[in-house]
Amino acid sequence: MNCSLLLRPATVMMALCTLTGCGIGESIAGHPLTMGTTDRVTAVDPASGYDVGSWIVFNNVFQSLLSFPKAGSTPEPEAARSCKFTDAVSKTFDCTLRHGLKFSNGDSLSSQDVKFSFERTLRINDDNGPAVLLDSIKTIDTPAADRVVFHLKYSDATFPMKIAAGAGSIVDHREYPADRLRTDDVAIGSGPYKLDAYEAGEEAVFSVNDSYKGTAKLRNSGMTMKFYQDEPTLKKAVEDGSVELAYRGLASANIAALQKRSLAGDTRIEVVEGTGTEVQHLVFNVEDPVTGNKAVRRAVAYLIDRKAFIRDVYQRTATPLYSIVPQGITGHNNAFFDRYGEGGAKAKAQATLAGAGITGKVRFTLWATPIRFGPGTVAELKAIARQLNTSGLFDVDVKTTDADQYAKDIAAGKYAVYVRGWVSDYPDPDNFTAPFFGDNNVLSNNYVNKRITGELIPRTAAQAVRASTTADFEDLQDMVADDVPIIPLWQGKQYVVAKDGIEGADSLLDASTVFRIWEIHVKRGSSWW
């Protein structure tokens, strides 16, 4: 994601939201909208959900102190009037709340609710929740009803980004238990919308929260988010007009077909394309008897032709990724391209293996779970296996299992090579590096680089001016390309398929990955206005 966090310690305060830019728009279209998706909402309690579907609920029903503006990657005040680091090492973060904040039930919102919300998420520490993003919090002070001060355990210049979305959701301390999750599927927040109804696997219904005070200008009177069980059913709903727009869930082949129809002059459906920061990597267990050999990993890197399977499997709905930090994010480089080229380099792969004394075919299995990563991933891995096997240097097969077993086997070190996808939490290179290569990383591939964990990650985390981290992050990417604990494969594009007359869909597809229901509206003069 496009990211350069320009928060300066002590001396420069975040820009204040002017009154003219806050609150509900002057007029709200009377037409409620319907969106279809195959994503799931795993929770409507923000101490639990840590997935795209749940964060759509959180970003619209709850407020955070900060939020990402449309097409922007620097957090701006939302429930807060202002926020700033008050020290030079990004460890003390001070926020003053906006006046007159209220929850949708009429309760006032104060610093007590902010403190309660963060401490509650950390206390519950749900396995499927975002507490991991709040790990840097040491203590929280509330010196006034409109002021909250975070004291961090370590320097964390990305803290404003971490709390600018779902992880920073503020709940009513009178309505939520302090030490456990709600189980009634009710959500009470101070965001632009209310959650009127939620039925797991069926739909979520949103309407305007008249008590909202913030930066969003609402351009519709609400939305129903319908959950479809499979892609063909969602595709049919798009084609027959059962939904006004579809977000996440249409297969790449259908996206490409709909784009072709649109370009050919079919104006009934518009395919809106935006850059995305969803990435997918091939992960190596560096303690496996086969892939523990760096020469094997480098040989694979020389052979993989990303452009081929992106063309044949994904119909160009993704782009080749040649580094762990995706395009559009501060510090991105093309470390893997610079070192290994575009792929198909058999001679270099063979020389690399021979240099390590490997003369026979290298055998291992590529593992994936279609339930988690989609059927396209299996076709992708089969394409990669063919590329490796065609070289005559490898004998590789592909296997799949269910999501739960997949996670257990990775944790147990049973797989030599497996797929890992990632959707960013916040648009900063830290979010594409620290979770993978920091202490207690999420990959479970046994890779440790002490210079990364002991020097580069801590140093970049302390730098409030994010553009100044570029050299260190480029260094980190080069080190990963040299060691090859993972191979970056692709960076996904984002798509919204919208009915003719729907506007604002482009506002859903920026680097922040925030789904802003309030931006979607019906164009005046449309036949169904």
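**Notebook: strands, helices and single residues**

**Entry 1. Strand S17 and its partners**

I began with strand S11, residues 245-247, and found that S11 pairs with S17 in the antiparallel sense over three bridges. The model I am reading is a predicted one. To place one pair of residues, I looked up Tyr247 and found that its bridge partner in S17 is Val496.

Next I took strand S12, which covers residues 269-284. S12 and S17 also pair in the antiparallel sense, and I noted 12 bridges for them. Which residue of S17 is the bridge partner of Thr275? I wrote down Lys493.

Strand S13 covers residues 318-320, and three bridges join S13 to S17, again in the antiparallel sense. Here I found Thr319 standing opposite Gln491 of S17.

Is strand S17 mostly covered or mostly open? S17 runs over residues 486-499, and I noted that 12 of its 14 residues are buried, which I record as mostly covered.

**Entry 2. The four-stranded sheet**

I then turned to another set of strands. In what order do the four strands of this open sheet lie? I read the order as S4-S5-S7-S6, with antiparallel pairing. The edges are strand S4, residues 80-85, and strand S6, residues 137-144, and each of these pairs on one side only. I also noted the turn between neighbouring strands of this sheet, which is 15 degrees on average when direction is ignored.

Inside the sheet I looked up S5, residues 92-97, and S7, residues 147-152. These two strands run antiparallel and are joined by five bridges. For Thr92, I found that the bridge partner in S7 is His151.

Which helix lies across S5, S6 and S7? I found helix H2, residues 111-124, in that place, running at about 165 degrees to S6.

**Entry 3. Helices H6 and H9**

Two packed helices are described by the angle between their axes and the distance between the axes. I looked up both values for helix H6, residues 294-303, and helix H9, residues 346-355. Their axes come within 8 Å and cross at roughly 175 degrees. An angle over 145 degrees counts as roughly antiparallel, so I entered H6 as roughly antiparallel to H9.

I then listed the residues that make the contact. On the H6 side they are Ala295, Val296, Arg298, Ala299, Tyr302 and Leu303. On the H9 side they are Lys346, Lys348, Ala349, Thr352 and Leu353. Sorted by class, this contact of H6 with H9 has seven nonpolar residues, one polar residue and three charged residues.

**Entry 4. Single residues**

Is Asp156 buried or exposed? I found Asp156 in the loop between S7 and helix H3, residues 159-162. Its relative accessible area is 2%, and buried means under 20%, so Asp156 counts as buried. Leaving out residues up to four places away in sequence, I noted that Asp156 touches Phe85, Ser90, Ser136, Lys162 and Ala461.

Most residues other than glycine have a negative phi. I looked up two residues with a positive value. Phi of Asp185 is near 60 degrees. Asp185 sits in the loop between H3 and strand S8, residues 193-199, and at 38% relative accessibility I entered Asp185 as partly exposed.

Gln315 is not a glycine either, and I noted a positive phi of about 50 degrees for this residue. I found Gln315 in the loop between helix H7, residues 306-312, and S13. At 35% relative accessibility, Gln315 counts as partly exposed.

Ala471 belongs to helix H15, residues 470-483. Its relative accessible area is 55%, and I entered Ala471 as exposed. I also looked up the separation between the C-alpha atoms of Ala471 and Ala434, and noted 16 Å for these residues, which are 37 residues apart along the chain.

**Entry 5. The whole chain**

I finished with the protein chain as a whole. How many helices and strands does the protein chain have? I noted 15 helices and 19 strands. The radius of gyration of the protein chain is 24 Å, close to the 24 Å that the globule rule gives for 529 residues, so I entered the chain as being as compact as a globular protein of that length.

Along its principal axes, the C-alpha trace spans about 70 × 55 × 40 Å. Of the 529 residues, 57% count as buried. I last looked up contacts between residues at least 6 apart in sequence, and noted that 72% of these join residues at least 24 apart.

Definitions and conventions: Residues are numbered from 1 along each chain as its sequence is written. This is a predicted model: local features need pLDDT of at least 70, side-chain atom pairs count only at pLDDT 80 or more; totals for chains, interfaces and linings use all residues. Side-chain values use heavy atoms; hydrogens and water are left out. Axes are lines fitted to C-alpha atoms, for helices over the stretch in contact, and angles run from 0 to 180 degrees between N-to-C directions. Angles under 35 degrees count as roughly parallel, over 145 as roughly antiparallel, 65 to 115 as roughly perpendicular and the rest as oblique. Contact means heavy atoms within 4.5 Å. Ala, Val, Leu, Ile, Met, Phe, Trp, Tyr, Cys and Pro count as nonpolar, Asp, Glu, Lys and Arg as charged, and the others, Gly among them, as polar. Two strands pair if DSSP finds at least two bridges between them. The radius of gyration is taken over C-alpha atoms; the globule rule is 2.2 Å times the number of residues to the power 0.38. Buried means under 20% relative accessible area, exposed over 50%, partly exposed in between (1.4 Å probe, protein chains only).
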